[in-house]
Amino acid sequence: MSRMAMTETHPALKEHYAMVYRYSRSILPPVDEWDPEDVVQQVFLIALRKIQEDPPSGEMAAWLRGITRNVVLSWQSRDRRWHPQQRT
């Protein structure tokens, strides 16, 4: 799903796109295979699904940062399983 399609589906997400991108860049480890755009796409796919099921009760930015953090942690866990010899 493209950035435009994601943000047009739920307009409130559009204003948070840059924040999610910056936050994902700040917490991603320096691994070449990890692209902040991929993280952002995953975050917004999750957010679009969750927002339809159960909209956030608090601040949207905090909710999206939480999803972003969880996506990155999930990727880190998956990466350790795939490349244990590269981690210390």
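This report describes the helices, the buried residues and one aromatic pair of a predicted model.

**Overall layout**

The protein chain has 88 residues, and 35% of them count as buried. It contains 5 helices and 0 strands, so that from the N terminus on, the elements read α-α-α-α-α. The accessible surface of the chain comes to about 5800 Å², and carbon and sulfur atoms hold 49% of that area. Among contacts in the chain with a separation of 6 or more, 65% are between residues 24 or more positions apart.

The confidence of the prediction varies along the chain. The mean pLDDT is 80, and 74% of the residues reach 70 or more. Of the elements, helix 1 (residues 3-9) has the lowest mean pLDDT, 52, while helix 3 has the highest, 93.

**Helix 3 and its two sides**

Which residues of helix 3 are buried? They are Tyr 17, Met 19, Val 20 and Ser 24. Seen down the helix axis, these buried residues fall within an arc of 160°, so they line one face of helix 3. On the other side of helix 3, Arg 22, Arg 25 and Ser 26 are exposed. In general, an α-helix has 3.6 residues a turn, so residues three or four places apart point the same way.

Ser 24, which lies in helix 3, counts as buried because its relative accessibility is 0%, and the cut-off for buried is under 20%. Leaving out residues up to four places away in sequence, Ser 24 touches Pro 36, Val 39, Val 40 and Thr 68.

**The aromatic pair**

How many aromatic pairs does a search of the whole structure find? The search finds 1 aromatic pair. The ring centres of Tyr 17 and Phe 44 are 5.7 Å apart and the ring planes meet at 20°, so the pair is stacked; planes under 30 degrees apart count as stacked. Tyr 17 belongs to helix 3 (residues 17-27) and Phe 44 to helix 4 (residues 36-53), so the pair ties together parts that are 27 residues apart in sequence. Both Tyr 17 and Phe 44 are buried.

Phe 44 is also touched by His 16. His 16 sits in the loop between helix 2 (11-14) and helix 3. Not counting residues up to four places away in sequence, the other residues that His 16 touches are Met 60, Ala 61 and Leu 64.

**Buried residues of helix 4**

Val 39 is placed in helix 4. Apart from neighbours within four places in sequence, Val 39 is in contact with Ser 24, Leu 28, Thr 68, Val 71, Val 72 and Trp 75. The C-alpha atoms of Val 39 and Arg 69 are separated by 9.6 Å, and these two residues are 30 residues apart along the chain.

Leu 48 is found in helix 4. Its C-alpha atom and that of Leu 13 are 8.7 Å from each other, with the two residues 35 residues apart along the chain.

The table lists the relative accessibility of four buried residues discussed above.

| Residue | Place | Relative accessibility |
|---|---|---|
| His 16 | loop between helix 2 and helix 3 | 12% |
| Ser 24 | helix 3 | 0% |
| Val 39 | helix 4 | 0% |
| Leu 48 | helix 4 | 7% |

Conventions. Residues are numbered from 1 along each chain as its sequence is written. This is a predicted model: local features need pLDDT of at least 70, side-chain atom pairs count only at pLDDT 80 or more; totals for chains, interfaces and linings use all residues. Side-chain values use heavy atoms; hydrogens and water are left out. Rings of Phe, Tyr and Trp (its six-membered ring) pair if their centres lie within 6.5 Å; planes under 30 degrees apart count as stacked, over 60 as edge-to-face and the rest as tilted. Helices (H or I, at least four residues) and strands (E, at least two) are DSSP runs, numbered from the N terminus. Buried means under 20% relative accessible area, exposed over 50%, partly exposed in between (1.4 Å probe, protein chains only). Contact means heavy atoms within 4.5 Å. Accessible areas come from the Shrake-Rupley method with a 1.4 Å probe; for residues, only the protein chains shown count as cover. The arc is that of the directions from the helix axis to the C-beta atoms. pLDDT is the predictor's confidence in each residue, from 0 to 100.
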